[in-house]
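Trainee: Please let me go through the labels attached to this model and ask for the grounds of each.

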Amino acid sequence: MGGLPRKLPWTLLALWIGVIALAMPFAGKLGDVQHDRAVDYLPASADSTQVARIQDRLPGGETTELVVVYHRDGGLTAADKRVAGRQIAAVERELKLVAAPEAVPNRSGDTLMYPVASNAPGQDEKLRDTFVNDVRDRAHGTDTAAGMKVQVGGPGALATDASEVYQSLDGPLLYTTVAVVALLLILIYRSPFLWLVPLAVAGVADFLSMGVAYGLNQAFGTTISGQSSGVMTILVFGAGTDYALLIVSRYREELRRFERPYDAMRAALRGCGPAVLASSATVAVGLSCLLAADLNSSRGMGPLGAVGVLCALVAMLTLLPAVLVLLGRRVFWPIVPAFGSRPKQRRSLFSVMGASAGRRPLAVLGVGTVLLGALALGALNLPGSLKQEDSFTSTPESVAAMKTLAAAYPDTGTQPITVIAPTRSAGRVVEEVRGTEGVADVERGRSGSGWTEISVVAEGAPQSAAETATITALRDRIDGQGAYVGGPSAEQLDLKDTNARDRLVVVPIVLAAVLLILVALLRSLIAPLLLLAAVVAVWGAALGIGGLVFGPLFGFAGTDPGLGLLSFVFLVALGVDYGIFLMHRMREEVLGGAETGAAALTALRTTGGVIASAGLVLAATFAVLTNMPLVQLVELGFVIAVGVLLDTFLVRTYLVTSAGLALGRRMWWPGPLSRTAPATPPAPSAERPVTAGR
């Protein structure tokens, strides 16, 4: 900023006020385009997605299917059955249903279920939720006798319960994230005022990201779900605060060398700006690689995550410096960096760590690698794929109903499989379906728009191995006839298969994209490969720790199929982010004349405090997800938080530093730094410690 007009900070502030004013109408509409229907998460090309889309075009649109369950331990009484009949009659009389519900008793006589369906809500999620709650109000009537359990489940009820959970995330997620970041900034800065500045700027960036995300949805139809918008908020505050820590730390250092704050800020941005730009670009590009995914939820999360990071970057490189310059040195009170002063010299923790790594770098490198490999073995203990009924950390009514049905009807399906066939060949498809092994019942339903809906009941329980085999057999049997197999169980199967496909496609793209950025930044091939290998090892170790705790400690019955891919993309992008901070400073030292080994120790000593602080903040923001009521969010937040901590305190501190000491100038091969000896002695300023706290 030095050399530019003094009014520049005020100009930037005025521009940001204008930007927020423009973004305000759009940011407020983000919730209106956020959807958590199955089709918003399904694979774009899967059978189940085609079924969901075709159902929308059938007469009445999408059907909301429910199951009302009546159960009494020891057997339902005649009075219980009369009450159930009256309540279902009220549902049929007062609500618009596709057909009259018929009672289906189980063999032991302790359970009665009534399938209930309506196409009145169509694709409107609010109307669907209203319909589900209306059915629940009538089924939970005051005439229910004591001891009889009444539950409303089925796909529609499950979707409503999931939607209520996602809608409840925004407030608690934002408030908890802000509180966690505020607490950590207070501890890091030890100032009653300074912490407010980066936190407020991050809040502005979050608001801007919401407006941009809404614009992307309107312009390109980008999928926006509760999961993707929540992760976007986490990234804005986590990554944004990381950039702020680096900028503020360098600015504090430069205030001791420059009398005027805007001169100090210019020097600070010149020093750390390239690293911040490169790291944010790496994260944004890495997340954007998710656009290659076939899964709607993953593909939608890519651009939203990139938007969050880029909005945080722009805010921290423009608004944050402007505010800091306008506030002057007093914002650092009570530890104000006076012009011409020198910080207290003390032996930092990272100096000690660097010295320990420097004594036996190969041994440290070997032990660290073995440790990460051993932790990665825990991934073999990850539970199987997560079922719908196990996706909540608590038990909503829809899940309780599914469990009751599974126990009461163990030998038959209680959740229909939907087959959509062209009307011209519907009769032939029905016959093929009837002849498929594992099918218990077939019913030809509504027709329209050239398609016919066929409801299939499998012999196996929902999402069991037997039902999965039936779905696979159905698809094989009707292959080539233009028909599709969908429904909740088919959707879960497609989610699992598509995630496996996406890993094979997206992972190489992410690695290639990040490698190219690192090669361009570091002018080397060995250093980028080292960083990539390190973050991949961290990802494996974090998944392994998840395998050791998800089932035994957290009691989770399954693992989200998308956990592997999403955690990989986030940990590679964010892990390389910290590697860039360290490597950029190391390269600065080498360009200043230091040998690579000494440069590695100096880089660790001067940036270790900032990287550690940034890692703690980022890990804490993702750890906020572990307090959310959805298993997939808890698992994602846990793996990323653990991975960031491993990367911060093991990989960056010991392994990368040890590798730099062991490889020497070969670290920069085949660039010019690998061949030339230091031309000048190290600059004295490089030895000054840079910490986040002082």
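Trainee: Why is Val-610 counted as buried?

Mentor: Buried means under 20% relative accessible area, exposed means over 50%, and partly exposed lies in between (1.4 Å probe, protein chains only). Val-610 has 2% relative accessibility, and therefore counts as buried. Val-610 is part of helix α19, where helices (H or I, at least four residues) and strands (E, at least two) are DSSP runs numbered from the N terminus. The model is predicted, so local features need pLDDT of at least 70 and side-chain atom pairs count only at pLDDT 80 or more, whereas totals for chains, interfaces and linings use all residues. Residues are numbered from 1 along each chain as its sequence is written, and side-chain values use heavy atoms, with hydrogens and water left out.

Trainee: How far is Val-610 from Gln-123?

Mentor: Their C-alpha atoms are separated by 49 Å, and the two positions lie 487 residues apart along the chain.

Trainee: What makes Val-617 buried, and which residues does Val-617 touch?

Mentor: Val-617, also found in helix α19, has a relative accessibility of 0%, so Val-617 counts as buried. Contact means heavy atoms within 4.5 Å. Leaving aside residues up to four places away in sequence, Val-617 touches Val-181, Leu-184, Ile-188, Gly-238, Thr-241, Asp-242 and Leu-245. The C-alpha atoms of Val-617 and Leu-183 are 9.6 Å apart, although the two residues are 434 residues apart along the chain.

Trainee: Is Asp-242 buried or exposed, and which residues does Asp-242 touch?

Mentor: Asp-242 has a relative accessible area of 1%, and is therefore buried. Asp-242 lies in helix α8. Beyond residues up to four places away in sequence, the contacts of Asp-242 are Tyr-578, Ala-614, Val-617 and Leu-618.

Trainee: Why is the pair of Phe-550 and Phe-556 called tilted?

Mentor: Rings of Phe, Tyr and Trp (its six-membered ring) pair if their centres lie within 6.5 Å; planes under 30 degrees apart count as stacked, over 60 as edge-to-face and the rest as tilted. This rule yields a count of 12 aromatic pairs. For Phe-550 and Phe-556 the ring centres are 6.0 Å apart and the planes stand at 40 degrees, so the pair is tilted. Both residues also count as buried, Phe-550 with a relative accessible area of 0% and Phe-556 with 12% relative accessibility.

Trainee: What makes the pair of Phe-550 and Phe-638 edge-to-face?

Mentor: Here the ring centres of Phe-550 and Phe-638 are 5.7 Å apart and the planes meet at 65 degrees, so the pair is edge-to-face. The pair links distant parts of the chain, 88 residues apart: Phe-550 belongs to the loop between α17 (526-549) and α18, and Phe-638 to helix α20 (residues 631-663). Phe-638 is buried, with a relative accessible area of 16%. Ring pairs join Phe-550, Phe-554, Phe-556 and Phe-638 into a cluster.

Trainee: How do you know that the buried residues of helix α14 lie on the same side?

Mentor: The buried residues of α14 (residues 426-434) are Ala-426, Val-429, Val-430 and Val-433. They cover an arc of only 105 degrees around the axis, which places them on the same side of α14; the arc is that of the directions from the helix axis to the C-beta atoms. Their cover includes β5 (417-422), β6 (439-448), β7 (451-458) and α15 (465-477).

Trainee: What makes a space a cavity, and how many cavities of 30 Å³ or more does the search find?

Mentor: On a 1 Å grid over the protein atoms alone, a cavity is a set of points where a 1.4 Å probe fits but cannot get out, and a pocket is an open set with protein on both sides within 12 Å along at least five of seven lines; lining residues have an atom within 4 Å of a point. The search of the whole structure finds 4 cavities of 30 Å³ or more. The second largest cavity has a volume of about 150 Å³. Its lining comprises 14 residues, with Leu-246, Arg-250, Cys-272, Arg-585 and Thr-607 nearest its centre. Helices α8 (226-255), α9 (261-288), α18 (563-591) and α19 (596-623) each supply at least two lining residues, and α18 gives the most, with 4 residues.

Trainee: Which residues lie nearest the centre of the largest pocket?

Mentor: Those residues are Pro-115, Pro-416, Glu-443, Ser-455 and Val-457, out of 40 that line the largest pocket. The largest pocket holds about 1,100 Å³ of space. Strand β6 contributes the largest share of its lining, 5 residues.

Note on methods. Points joined across faces, edges and corners; volume = space filled by probe spheres on them.
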